[in-house]
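Reader: Could you take me through one part of this model up close? I'd like to see how a pair of helices packs together and what surrounds that packing.

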Amino acid sequence: AIVGARIVTMKGADGGAIDNGAILIEGNRIVAVGPLAALTIPAGTPTLDAETRTRLERLFDTRAKPGNIRRALHRDLRLRRVMARRPGLRVPGAWEPFEVAVRAIIGQQINFPFACVLKRRLIERTGDRIAEGLYTPPAPAAVAALSPEELAPLQFSRSKADYLIATARLIVEGKLDLEALRTQSATRVERTLLAIRGLGPWSVNYLMMRALGLRLHPTPVGH
């Protein structure tokens, strides 16, 4: 079934705002994004199913309680200043945990702008094009099918390509189930992820926070 998840404002490929935007979701995949008026929602579209609702809650961190967070962190003067500038700030998640694993591995030891360039190149190389300038995130199977040599022209280092592909293959082979980690303790999850080649403390904490909703440390190590 296709469902529409309506949001107030979103950004288009050109960086401009799209008012009254919408996301169309089929199964576990986003199939269209754009202004609500430009999208066709089939008659009889069912209401939001439980799985999609849960994914959206994780994506936008809607289960967080900003009031409780503010009271807990308000004791620290530095954090108090940050919260005053950005009240009610939530930690955005992802539709799939693998998306965050990709970001974590790509972002290691490079500056943020270049990390964004590499992510975009990988998405265009492995994702499905759903609209002008819009692609689905890389799926584990698509990344697992690559070789480091194929990522070299995209300016991926050999080690970064190896780590990315190896992690994707662990998922495809059933040796790593990121979704299943949600039900385990933060300590056990950290130990499991640290055993994966290419995932250090920073990447593991980032993955736990952004993809799994686990908070072993307040912020990723190194921040």
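**A helix pair and its core**

Author: Sure, starting with the overall layout: the chain has 10 helices and 7 strands. Keep in mind that this is a predicted model. Of the 223 residues in the chain, 34% are buried. If you take contacts between residues at least 6 apart in sequence, 48% of them join residues at least 24 apart.

Now for the pair itself. Helix α4 spans residues 97-106 and helix α5 spans residues 112-126; their axes lie 9 Å apart, and the packing angle is about 135 degrees. Angles over 145 would count as roughly antiparallel and 65 to 115 as roughly perpendicular, so α4 is oblique to α5. The crossing of these two helices is right-handed. On the α4 side the contact uses V102, R103 and I106, while α5 brings A115, L118, K119 and L122. Sorted by class, that comes to 5 nonpolar residues, 2 charged ones and no polar ones.

L122 also takes us into the largest nonpolar core. That core has 36 residues, and L122, L151, F156, L164 and L193 are the ones touching the most other members. Two or more residues come from each of α4, α5, α6 (140-144), α8 (158-172), α9 (186-194) and α10 (201-210). Among these elements α4 is the top contributor, giving 7 residues.

L151 is a good spot to zoom in on. Leaving out residues up to four places away in sequence, L151 touches L122, L146, F156, A161, L164 and I165. As background, nonpolar side chains in soluble globular proteins tend to be buried together.

Technical notes:
Residues are numbered from 1 along each chain as its sequence is written. This is a predicted model: local features need pLDDT of at least 70, side-chain atom pairs count only at pLDDT 80 or more; totals for chains, interfaces and linings use all residues. Side-chain values use heavy atoms; hydrogens and water are left out. Axes are lines fitted to C-alpha atoms, for helices over the stretch in contact, and angles run from 0 to 180 degrees between N-to-C directions. Helices (H or I, at least four residues) and strands (E, at least two) are DSSP runs, numbered from the N terminus. Angles under 35 degrees count as roughly parallel, over 145 as roughly antiparallel, 65 to 115 as roughly perpendicular and the rest as oblique. A crossing is left-handed if the near helix is turned anticlockwise from the far one by less than a right angle, and right-handed if clockwise. Contact means heavy atoms within 4.5 Å. Ala, Val, Leu, Ile, Met, Phe, Trp, Tyr, Cys and Pro count as nonpolar, Asp, Glu, Lys and Arg as charged, and the others, Gly among them, as polar. A nonpolar core is a set of buried Ala, Val, Leu, Ile, Met, Phe, Trp, Tyr and Cys residues joined through side-chain atoms within 4.5 Å. Buried means under 20% relative accessible area, exposed over 50%, partly exposed in between (1.4 Å probe, protein chains only).
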